[in-house]
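Hi,

Here is the structure I promised to pass on. Have a look at it first, and then read my notes below.

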Amino acid sequence: MAAANNNNSSGSKYASKKQNGRRNVQPFNRDTQIKNPSKIIRFNDPNEDDDVSNRLLKGDVVTYKSLKSRANELLRVRKTLPVYQHKSEIMPYINANPVTVLIGETGSGKSTQIPQFILEQIYDKKKHGSIAVTQPRRVAAINLATRVAQEHGCKLGDQVGYSVRFDNTTTAKTRLKYLTDGMLLRELMMNNNLKEYSVIIIDEAHERTVLTDLILGFLKSLIQGPRPDLKIIVMSATLQAEKFSEFFNNAPILFVEGRKFDVSQYYLKAPTDDIVDAVIRCCIQINQGEQLGDVLCFLPGQEEIDKAVTIMEKIAKYVSDETSVPLLIPYPLYAALPPVQQALVFAPVKGFKRKVIFSTNIAETSVTISGVKFVVDSGLRKVKVWRHQLGLATLLTVPISQASAMQRSGRAGRESEGKSFRLYCEPDYLKLPKQSEPEIARSDVTSPVLMLKRYGINDIVNWTWFENPGKEAIIMGLQELYELGALDTRGNITKRGEQMALLPLQPHLSSVLIKASEVGCLSQVIDIISCLSVENLMLNPSPEERDEVNERRLSLCNAGKKYGDLIMLKELFDIYFYELGKSQDANSERNDWCKGLCISLRGFKNVVRVRDQLRVYCKRLFSSINEENEEARKIGENGDEISKILKCFLTGFIKNTAIGMPDRSYRTVSTGEPISVHPSSMLFLNKSCPGIMYTEYVFTTKGYARNVSRIELSWLQEVVTNGTAVAKQKISSSK
DNA sequence: GAGCACTGC
């Protein structure tokens with residue numbers, strides 16, 4: 001309520017250029033960011049007009065003639081894009097250099113136009129070969145391919161197509177393929193030289209995902225070795241051009257301006273220690289002093305967002321007077337939110353109201369909301385940081401980088417001029433790191449190391465890493481793979497390792513799957529692993545319905561109640577897959593069931609797709625698969641069968657075990673640290689387990705085990721097999 | 001006895 005009382009202090013808390021004459025920090029001030037400007041060739045944006053493109057997208061295109069006429073219409077729009085205007089200046093650089101770095105701001109048209117220019121050249125010169133364009137996210141690959149196919153005047157899958165997991169529209173005719181980073185890496189694993197491509201374009205390289213970084217490393221070793229003819233273009237929205245250029249032997253950097261509206265910056269005069277309170281106050285101030293337009297607030301996590309929404313719901317009617325200032329309507333937005341609630345964010349509000357969206361980083365890159373004119377930035381985000389020595393992930397709330405702050409502010413200037421309110425002081429902004437730490441520097445690299453091994457790299461430490469994760473991380477990854485049986489004592493990849501590298505799973509889960517195929521419970525384990533592979537399958541119930549939902553889950557899962565979350569997932573899967581969906585109205589039946597248990601229906605649909613894919617892969621990989629093993633099966637309450645399944649998981653997660661203490665707490669087998677069962681677990685209330693196994697160990701306020709199962713202590717010795725000498729030693733010493 | 005940001009095969 002404090003926020004409401006103080007709202008008439010008339011905006012004086014924020015300093016702006018106009019008020020005190022301080023320098024207004026402009027987003028994307030490239031002159032101060034790029035060190036060596038002589039190396040950069042710049043193009044400005046001579047044309048600011050673009051409004052018909054979206055209208056032209058509507059309506060179905062069927063005949064060849066209509067495809068072509070649509071493409072002709074779109075050509076007028078294409079010609080206004082900055083990249084198109086500078087085509088004749090850009091293309092000679094691309095043609096003359098094996099690698100080009102292209103910095104294109106939002107709206108420059110780089111992702112849609114550059115690939116088409118190259119495609120035209122391939123046609124003109126009657127050359128062979130095709131173009132791959134990688135994207136970090138699936139939706140981006142799909143949307144870009146759809147748009148470019150229209151511009152090109154073809155059906156999706158003819159000359160232009162996309163390839164993402166579960167969905168491949170490419171055909172033998174396809175010459176321009178948009179695909180996810182993960183898909184290109186998979187192709188690299190299957191066909192070492194990417195020989196079908198003559199040009200590879202890495203888009204959104206500035207995001208620095210683990211997979212993008214890996215691809216850059218592979219491309220460098222390709223052009224230095226078997227593919228000197230391969231042309232590479234690294235495309236990035238902002239900055240970091242020097243690093244890409246240096247990595248590829250000082251490749252030229254081209255800079256194309258984009259189209260965006262000005263966003264003015266406002267900073268706090270004094271720092272705040274209650275970020276939720278500050279965000280609410282700021283929203284109220286915007287509501288009273290600014291023209292109509294929606295507000296997007298960036299907060300670090302679900303906890304802060306839920307709190308902010310609750311407060312605003314309570315005070316909105318007190319701080320709004322419908323005759324003078326609009327009513328504030330709060331919306332939460334984060335990935336774990338049920339899809340139906342996420343969708344509310346996109347619907348415009350009617351009447352004299354102002355939408356206020358409280359969001360995590362999801363709105364920074366993955367999701368774009370129209371109507372946003374104001375951004376409120378807490379300057380914080382949550383990151384998962386992997387601790388190699390401890391084998392656990394920590395979840396930290398940390399300050400964002402300058403690049404991230406600019407990206408957040410930019411969200412206010414997508415449709416018109418906007419304002420950005422940063423809830424920190426300007427000197428503190430200037431002290432922030434220019435870029436966020438790349439993901440690979442804070443991740444578990446077991447999976448990347450396995451990819452490199454499968455590719456045939458011996459000296460992992462000295463590989464052409466775009467960003468070397470460090471010797472320590474690599475050694476931990478190698479040791480992990482050795483303990484999983486993927487590497488032999490000399491560090492060479494084993495047959496098991498080859499199989500693990502080809503499965504679309506993290507190495508630990510691949511190892512579990514292979515074990516299951518050996519002992520004859522493959523089908524059940526596939527179902528469980530499919531559930532584990534889908535993010536946000538089990539949603540968090542709201543505090544009011546929490547007890548009810550937990551009660552319902554417990555009453556449905558008899559075996560899960562005793563044996564834990566992995567078995568519960570299988571029980572739920574069995575109900576979803578075998579029992580529901582037989583009636584006429586299968587969809588609504590499944591929908592109601594999911595709602596009652598606070599489970600994501602979309603999640604379960606993905607589980608089934610993952611399951612189908614894994615069954616196909618397993619058939620291909622395991623030649624000795626027997627009939628009984630292959631047959632899909634429901635789980636019963638048979639203790640022997642359940643033990644067999646859990647022991648399979650123990651081969652992959654032997655390190656993730658803890659022993660029950662006399663005081664009913666748990667301590668980890670590997671380090672003896674205290675660990676608690678996460679409140680979302682079936683075993684949260686069950687204090688009678690001799691030991692537990694978990695698939696995830698996260699440290700927040702304390703160490704939590706997630707996806708927890710009951711194990712017998714005798715299993716620990718029993719399960720230790722090939723290559724797990726280290727784990728074995730640790731188990732004996734901790735006993 | 002109390003809660004996890006985002007993405008990919």
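Let's start with Arg-186: one of its polar side-chain atoms lies 2.8 Å from a sugar or linking oxygen of DNA strand B. Keep in mind that this is a predicted model.

Two other arginines are worth clicking on. With Arg-165 the backbone is involved: a polar backbone atom is 2.8 Å from a phosphate oxygen of DNA strand B. Arg-706 goes for a base instead, with a polar side-chain atom 2.2 Å from a base nitrogen of the strand.

Which elements give two or more residues to the surface near DNA strand B? They are α10 (181-190), β16 (380-387), β22 (691-699) and β23 (703-711). Helix α10 gives the largest share, three residues.

Now zoom out a bit. DNA strand B is surrounded by 36 residues, and the closest are Arg-138, Ala-335, Leu-395, Arg-546 and Arg-706. Of the strand's atoms that come within 4 Å of the protein, 64% belong to sugar and phosphate. As for the residues of that surface, 15 are nonpolar, ten are polar and eleven are charged.

Then there's the inside of the protein. The largest nonpolar core has 112 residues, and the ones touching the most other members are Leu-219, Leu-513, Trp-593, Phe-604 and Phe-649. Try displaying Phe-604: leaving aside residues up to four places away in sequence, Phe-604 touches Cys-531, Leu-537, Leu-572, Phe-573, Tyr-576, Trp-593 and Ile-599. Trp-593, then, is a contact of Phe-604 and also on the list of core residues that touch the most other members.

Have fun exploring!

Note on methods: Residues numbered from 1 in each chain as written. Chains lettered and ligands numbered in written order. Predicted model: local features only at pLDDT ≥ 70, side-chain atom pairs only at ≥ 80, totals over all residues. Heavy atoms only, no water. Core = buried A, V, L, I, M, F, W, Y, C linked by side-chain atoms within 4.5 Å. Buried < 20%, exposed > 50% of the residue type's maximum accessible area, 1.4 Å probe, protein only. Contact = heavy atoms within 4.5 Å. Near = heavy atom within 4 Å. Polar contact = N/O pair within 3.5 Å; in protein donor to acceptor, adjacent residues only side chain to side chain. Helix = DSSP H or I, 4+ residues; strand = E, 2+ residues; numbered from the N terminus. Nonpolar A, V, L, I, M, F, W, Y, C, P; charged D, E, K, R; others polar.
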